[in-house]
Structures are given as C-alpha cells and as structure tokens.
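Biologist: I should like to understand how the terms applied to a model are justified. May I ask you to set each value against its definition?

Modeller: Certainly; let us look at the model together.

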Amino acid sequence: MSYKDATFQWYNNGIKTVSPSGNISLMQFVNAIRSPKPEMIKAFEEIAKAGKEGNKQLKDELKKKHLFFTTPSVDITGGIRNYDSIKSFSEFCVLEYDGIEHAKILRDYIFDKMPSCIFAFASPSLTGAKFIFRIERPKNVDEYKQLYFGIASDLDKFKSLDISNERCVLPLFNSYDPEAKFREDAIA
C-alpha cells in the first residue's frame, strides 16, 4: 500500500479533545489544506489576522472553534490520546516551526532539501511551517523519538524548531495553504 492511501485519526474542535472522531486519508488531509471549504477559508483568515497582530489568545480560541486536528504518527485506542493508548505507529513523523517570519520560504526550502518530506505547509496563522516526514515504522515510543530526533538534528539549524512533536500523540492542526508541497515518492 502506498502511503498516499494511509489513514490516520482526526479529532474535532480543540486540543483538549482526546477521543478520535474518525479517520482521514493522507490525500484527504492534503486536499483539506490546499482547498478547504469557503467557510474554513474565512476562519483561516481570522486566525492569520490574530497571528499577525500577536493576539495569541484570540488565535487559540479561533483554532479551537474552527479547526480539526490529526495524529498522523499514531493510532489511538481506548479513548484517550496518550502513550498508554497507542495501538500502532505509522510511517509519518511531524515536525514544525513556530513564530517565524518567512514560513512559506522555509516550507519550500525544507521540502526541496529533504527527500523524506512528504508534505509541507504553512500554519493557520502563517507564522509557522509544518511538515510530515516519512520514516521507518517504529515499534514503540523510544524508536519513534530516535527517528524524530534524527530528522530534528538536520532541521535544528533553523531558528524556532518546535520539538514538542517528539511526543507522537500531540495534535497536528489542519491549515490553509493552496501552495502546500506534496511528494509522491518520499523516502524513509
């Protein structure tokens, strides 16, 4: 099976949601970011405005109200998004940058330079860049962290790498980026 056909769990409204709402395919996720529904575009514009104005509280409230998030690296069972509830790992690893001025330039540079990068897109606030990398499927959290930090060691040359995604159960929010980069033949 191609990783394009892989699915992962998505969650409705807000980071405190711990039970998945269903599954989404990688290609559905890519398409949701490249061409969201018109009402979502309006929400993303409001989030970007709050981000540009430095209003983190409003930005977070708007994200909670309008956005869904995913956990591309793991499938959760048991209704709680934590390490003990990990049922399986995928071949996806999420890395991101926050609080950067030129998110789209960094998005393109990393995508072009890293053949393991499957998907690269700007954050909803346009002040960050997010990436899904292809990795060998880990067997446990420790293996995931080793693979994560292997990629992070190549990316830490750039300011504002957010290493919180070493925790594979953390959310990856959807976004709006019509110029998001997708690679069909990423290497692990």
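Biologist: Why is cysteine 117 called buried?

Modeller: This is a predicted model. Cysteine 117 has a relative accessible area of 0%. Buried means under 20%, and therefore cysteine 117 counts as buried.

Biologist: What makes cysteine 93 buried or exposed?

Modeller: The relative accessible area of cysteine 93 is 0%. Since the term buried applies under 20%, cysteine 93 is buried.

Biologist: How do you know that cysteine 93 is in no disulfide?

Modeller: A disulfide requires two cysteine sulfur atoms within 2.5 Å. The closest cysteine sulfur to that of cysteine 93 belongs to cysteine 168 and is 9.0 Å away, so the two are too far apart for a bond. Cysteine 117 is in no disulfide either, as its nearest cysteine sulfur, that of cysteine 93, is 11 Å away. A search of the whole structure finds zero disulfides.

Biologist: Which residues of helix H1 are buried, and why are they said to lie on the same side of H1?

Modeller: In helix H1, residues 26-34, the buried residues are Leu26, Phe29, Val30 and Ile33. They cover an arc of only 100° around the axis, and therefore they lie on the same side of H1. In general, an α-helix has 3.6 residues a turn, so residues three or four places apart point the same way.

Biologist: What makes the space lined by Pro72, Ser73 and Val94, among others, a cavity?

Modeller: The term cavity is used because a 1.4 Å probe fits there but cannot get out. The largest cavity has a volume of about 40 Å³, and the count is one cavity of 30 Å³ or more. Its lining also includes Tyr144, Asn165, Arg167 and Cys168. The lining of this largest cavity divides into six nonpolar, two polar and one charged residue.

Biologist: How does the largest pocket differ in kind from a cavity, and which residues are closest to its centre?

Modeller: A pocket is an open set of points, whereas from a cavity the probe cannot get out. The largest pocket holds about 610 Å³ of space. Of the 28 residues that line this pocket, Lys56, Asp60, Lys63, Asp98 and Phe173 are the closest to its centre. Helix H3, residues 56-66, gives the most to the lining of the largest pocket, with five residues.

Biologist: Which residues have the most contacts inside the largest nonpolar core?

Modeller: They are Leu95, Phe133 and Leu155, in a core of 37 residues. Helix H5 gives the most to this core, with six residues.

How values were computed
Residues are numbered from 1 along each chain as its sequence is written. This is a predicted model: local features need pLDDT of at least 70, side-chain atom pairs count only at pLDDT 80 or more; totals for chains, interfaces and linings use all residues. Side-chain values use heavy atoms; hydrogens and water are left out. Buried means under 20% relative accessible area, exposed over 50%, partly exposed in between (1.4 Å probe, protein chains only). Helices (H or I, at least four residues) and strands (E, at least two) are DSSP runs, numbered from the N terminus. The arc is that of the directions from the helix axis to the C-beta atoms. On a 1 Å grid over the protein atoms alone, a cavity is a set of points where a 1.4 Å probe fits but cannot get out, and a pocket is an open set with protein on both sides within 12 Å along at least five of seven lines; lining residues have an atom within 4 Å of a point. Grid points are joined across faces, edges and corners, and a volume is the space filled by probe spheres set on the points. Ala, Val, Leu, Ile, Met, Phe, Trp, Tyr, Cys and Pro count as nonpolar, Asp, Glu, Lys and Arg as charged, and the others, Gly among them, as polar. A nonpolar core is a set of buried Ala, Val, Leu, Ile, Met, Phe, Trp, Tyr and Cys residues joined through side-chain atoms within 4.5 Å.
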